[in-house]
Amino acid sequence: MATTASTAARTSLASVTLEVADVDAARRFYSAFGVDAYIRLRASEAPSTGFRGFTLALTVSGPATVDGFVAAAVDAGATLLKPAAKSLWGYGGVVQAPDGTIWKIATSARKDTGPATREIDEVVLLLGVEDVKATRQFYVDRGLTVAKSFGGKYAEFASGASSPVKLALYKRRGLAKDLGVPADGAGSHRVVLGGTADTFTDPDGFAWETAA
């Protein structure tokens, strides 16, 4: 079913709220990390074990900037899951915030073309799902527009004008492997997606609420 640009804009991702045990501590961490403008926080004691099924990914300009964000996170109390290193696609590392949220910081550049900065080019919320094609269609039916799609492996949706974060889907086990963590997990995802559509839950248990 085709959707108009206005419909897609009304139902795009408007906010990302992380549910944490200690809001004040989380606020201090994310301010020091440098990503507090991209997320919201609220208190929750919902049980969660293992991999929560998602990651937030930062795209930055070069390796030195990746190193700077990784160091800032670790200095603020994050756990280093994967040290920053070169790969086939560029350079990146993975950290886990004290509240349990996993963050990936990466660049497609393998060499620096300038000094390190604290600028973020893009933030992507990657949901680990069991069936990318089925979940992609679920979101299309709700009015989101697919921007990129690679079969049953990955799908990315167009961002709304008001959204600081882009939404994408990745195979759950593939995402866990990329992050360097076991794929098993249970309980709350500890993340809530905000949009202007009605409240709903997607096929993998990710909850959406109407953004305030």
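Which residue in strand 6 is the bridge partner of Leu-80? In this predicted model, the partner is Val-95. The pair belongs to strand 5 and strand 6 (residues 91-96), which run antiparallel to each other and share five bridges. The two strands make a hairpin with four residues between them. Gly-90 sits in the turn of this hairpin and has a positive phi of about 155°.

Before going further, the confidence of the prediction should be stated. The average pLDDT of the protein is 92, and 94% of the residues reach at least 70. Residues 1-9 are a stretch where pLDDT stays under 50, and the model gives them ten contacts beyond four places in sequence. Where pLDDT is low, the predicted coordinates should not be read in detail.

The hairpin leads into an open sheet. Eight strands make up this sheet, in the order 5-6-7-4-8-11-10-9 and with mixed pairing. Strand 5 (79-86) and strand 9 (146-150) are the edge strands; each has a single partner strand, so one side of each lacks a neighbour in the sheet. On average, and with direction ignored, neighbouring strands of this sheet are turned by 15° against each other.

Strand 4 shows how the pairing comes to be mixed along this order. With strand 8 (residues 122-129), strand 4 (residues 54-59) pairs in the antiparallel sense over six bridges. With strand 7 (residues 102-107), strand 4 pairs in the parallel sense, here over four bridges. Two residues of strand 4 can be followed into strand 8: Thr-55 has Leu-126 as its bridge partner, and Leu-56 stands opposite Leu-125. Leu-56 also has a bridge partner in strand 7, namely Trp-103. In a regular strand the side chains alternate between the two faces of the sheet. How much of strand 4 is buried? Five of its six residues are, so the strand is largely enclosed by the rest of the structure.

Toward the strand 9 end of the order, a helix is packed on the sheet. Helix 4 (residues 132-141) lies across strand 8, strand 9, strand 10 (154-157) and strand 11 (166-171). Its direction is at about 155° to strand 11.

Helix 5 (residues 172-179) has a buried side and an exposed one. Its buried residues are Arg-172, Leu-175, Ala-176 and Leu-179. These four cover an arc of only 100° around the axis, which puts them on the same side of helix 5. An α-helix has 3.6 residues a turn, so residues three or four places apart point the same way. Arg-173 and Lys-177 are exposed on the other side of helix 5. After helix 5 comes Gly-180, with a positive phi near 80°.

A further open sheet has five strands in the order 2-1-13-15-14, again with mixed pairing. Strand 2 (40-43) and strand 14 (200-201) stand at its edges with a single partner strand each, so one side of each is left without a neighbour in the sheet. At one of these edges, strand 14 pairs with strand 15 (residues 207-210) in the antiparallel sense over two bridges. There, Thr-201 has Ala-207 of strand 15 as its bridge partner. Helix 2 (residues 23-33) lies across strand 1 and strand 2, and runs at about 160° to strand 2.

Two residues of this sheet can be looked at singly. Glu-19 lies in strand 1 (residues 15-20). Is Glu-19 buried or exposed? Its relative accessibility is 12%, and because the cut-off for buried is under 20%, Glu-19 counts as buried. The side chain of Glu-19 makes a polar contact of 3.0 Å with that of Arg-42. Apart from neighbours within four places in sequence, Glu-19 is in contact with Arg-42, Ser-44, Ser-188, Arg-190 and Val-192.

Gly-195 lies in strand 13 (residues 191-195). At 1% relative accessibility, Gly-195 is buried as well. Not counting residues up to four places away in sequence, Gly-195 touches Ser-12, Ala-14, Trp-208, Glu-209, Thr-210 and Ala-211. Gly-160 is 35 residues away from Gly-195 along the chain, and the C-alpha atoms of the two are separated by 9.8 Å.

Note on methods
Residues numbered from 1 in each chain as written. Heavy atoms only, no water. Pairing = 2+ DSSP bridges. Axes fitted to C-alpha atoms, helices over the stretch in contact; angles between N-to-C directions. Contact = heavy atoms within 4.5 Å. Buried < 20%, exposed > 50% of the residue type's maximum accessible area, 1.4 Å probe, protein only. pLDDT = per-residue confidence, 0-100. Polar contact = N/O pair within 3.5 Å; in protein donor to acceptor, adjacent residues only side chain to side chain. Arc of directions from axis to C-beta.
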